Amino acid sequence: MKVVACYSCKGGVGKSTLAANLAWASACLSARRTLLWDLDPQGGGGFLLGVERRRDDHAAALFEESTLDRHGIVPTAWPSLDVLPADPSLRGIDRLLDRLGKRKRLARLTASLAEWYDRVILDCPPVVNALSDQIIRAADVVIVPLTASPLARRALDDVLDDLRRHHGRHAPVLPVFAMYDARRKLHLEAHAAEPDWPVVPMASVVEQMGVQGKPVGAFAPRSPAADAVRALWAGIERKLQG
């Protein structure tokens, strides 16, 4: 079982959208038993797969356990793809983790899911705190979506700096240009500076995910955005298997 974290300390860069699309690709293109674990209190990743966030305090309480069963996990419309939904209690998860003092609790919890899942995709909130430390320790690869802007690049630099200072050896980091618009000079220049970074284009079908409650591969499989997600997931799988 491998863990893929979609993480950035900057909001509005498409983390939840990318996490939902990658979870669908894992289950439906690679035939992996896949769980999207929504760690963002807003619950966007689960919502984009047709699962609403919970209204209780279940999500944070999970971190008080040392192992997980499948209680609270919700199936989606696609076989082999489930969601562990977020709820508002995650807003206080940093204080809970500090109180518990278990620096690898998330890693232990994800490992306990190996009986049921081959891939766990973490949809992460835009934070730098005890939860982000847990995410880095649990992940086998960290996907960092960013827009083609100086502020987004600064956010990536902040992530890399935090890894260097606090984590030593860590999972590989894969930056991804999300919401990329080839008509914009700034985007073209950013891509030219980092031509090896994957690109997911800005497209109306991506915006329609919230209306459809489905990832782009499910309702627009021939779109450039769906092609980009397929290529990105294939690259992630190669990295995980390597």
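Which backbone oxygen does the side chain of K15 reach, and at what distance? In this predicted model, the side chain of K15 comes to 3.2 Å from the backbone oxygen of K10. K15 itself belongs to helix 1, which covers residues 15–28. Although K15 is buried, it has no salt bridge, and the nearest side chain of opposite charge, that of D40, is 5.6 Å away. A salt bridge here requires a side-chain nitrogen of Lys or Arg within 4 Å of a carboxyl oxygen of Asp or Glu, so a separation of 5.6 Å does not qualify. If neighbours within four places in sequence are left aside, the residues in contact with K15 include C6, Y7 and S8 as well as D123, C124, P125, P126 and P145.

**The sheet and its strand 2**

Eight strands form an open sheet, arranged in the order 3-4-2-5-1-6-7-8, and their pairing is mixed. At the edges lie strand 3 and strand 8 (residues 199–201), each of which pairs on one side only. In general, the strands of a sheet pair through backbone hydrogen bonds, and they may do so in a parallel or an antiparallel way.

Strand 2, made up of residues 34–38, has strand 4 and strand 5 as partners, and both pairings are parallel. Four bridges join strand 2 to strand 4 (residues 81–84); within this pairing T34 stands opposite L81, while L36 has V83 as its bridge partner. Five bridges join strand 2 to strand 5 (residues 119–123), and here W37 is partnered by L122.

In a regular strand, side chains alternate between the two faces of the sheet. Strand 2 can be read in this way, with T34, L36 and D38 pointing in one direction and L35 and W37 in the other, and all of them are buried. Because five of its five residues are buried, strand 2 is largely enclosed by the rest of the structure.

**Two nonpolar cores and helix 6**

Where do the buried nonpolar side chains gather? The largest nonpolar core has 43 residues, and those with the most contacts inside it are W37, F63, I93, L106, V120, L122 and I135. Helix 6 (residues 130–138) supplies the largest share of this core, namely five residues. A second, separate core has 35 residues, among them V4, A20, L36 and A228. Outside its neighbours within four places in sequence, V120 is in contact with residues including V3, V4, L35, W37 and L113.

Helix 6 deserves a closer look. Seven of its nine residues are buried, so helix 6 is largely enclosed by the rest of the structure. The buried residues are A130, L131, S132, Q134, I135, I136 and A138. Their covering includes strand 1 (2–6), strand 5 and strand 6 (141–146), together with helix 4 (93–100), helix 5 (105–111) and helix 7 (150–166). At the start of helix 6, a side-chain oxygen of N129 reaches to within 3.0 Å of the backbone nitrogen of L131.

**Salt bridges**

Side chains of opposite charge can pair when their charged atoms come close. The count of salt bridges in this model comes to nine, and the table gives some of them.

| Salt bridge | Closest N to O |
|---|---|
| R70 and D82 | 2.8 Å |
| D181 and R184 | 3.3 Å |
| R230 and D227 | 2.1 Å |

The pair of R70 and D82 links distant parts of the chain, since R70 sits in the loop between helix 3 (58–61) and strand 3 (74–75) whereas D82 sits in strand 4, 12 residues apart. R70 is partly exposed, with a relative accessible area of 41%, whereas D82 is buried, with a value of 9%. In the pair of D181 and R184, D181 is buried at 7% relative accessible area, and R184 counts as partly exposed at 43%.

R230 and D227 both lie in helix 12 (residues 224–241), where they are three residues apart, about one turn of the helix. R230 counts as partly exposed at 29% relative accessibility, and D227 is also partly exposed, with a relative accessible area of 39%. Beyond these pairs, R32, R119 and E237 are linked in a network of salt bridges.

Methods: Residues are numbered from 1 along each chain as its sequence is written. This is a predicted model: local features need pLDDT of at least 70, side-chain atom pairs count only at pLDDT 80 or more; totals for chains, interfaces and linings use all residues. Side-chain values use heavy atoms; hydrogens and water are left out. Buried means under 20% relative accessible area, exposed over 50%, partly exposed in between (1.4 Å probe, protein chains only). Helices (H or I, at least four residues) and strands (E, at least two) are DSSP runs, numbered from the N terminus. Two strands pair if DSSP finds at least two bridges between them. Lys and Arg count as positive and Asp and Glu as negative; His and the chain ends are not counted. A polar contact is a pair of N or O atoms within 3.5 Å; within protein, one must be able to donate a hydrogen and the other to accept it, and residues adjacent in sequence count only if both atoms are side-chain atoms. Contact means heavy atoms within 4.5 Å. A nonpolar core is a set of buried Ala, Val, Leu, Ile, Met, Phe, Trp, Tyr and Cys residues joined through side-chain atoms within 4.5 Å.
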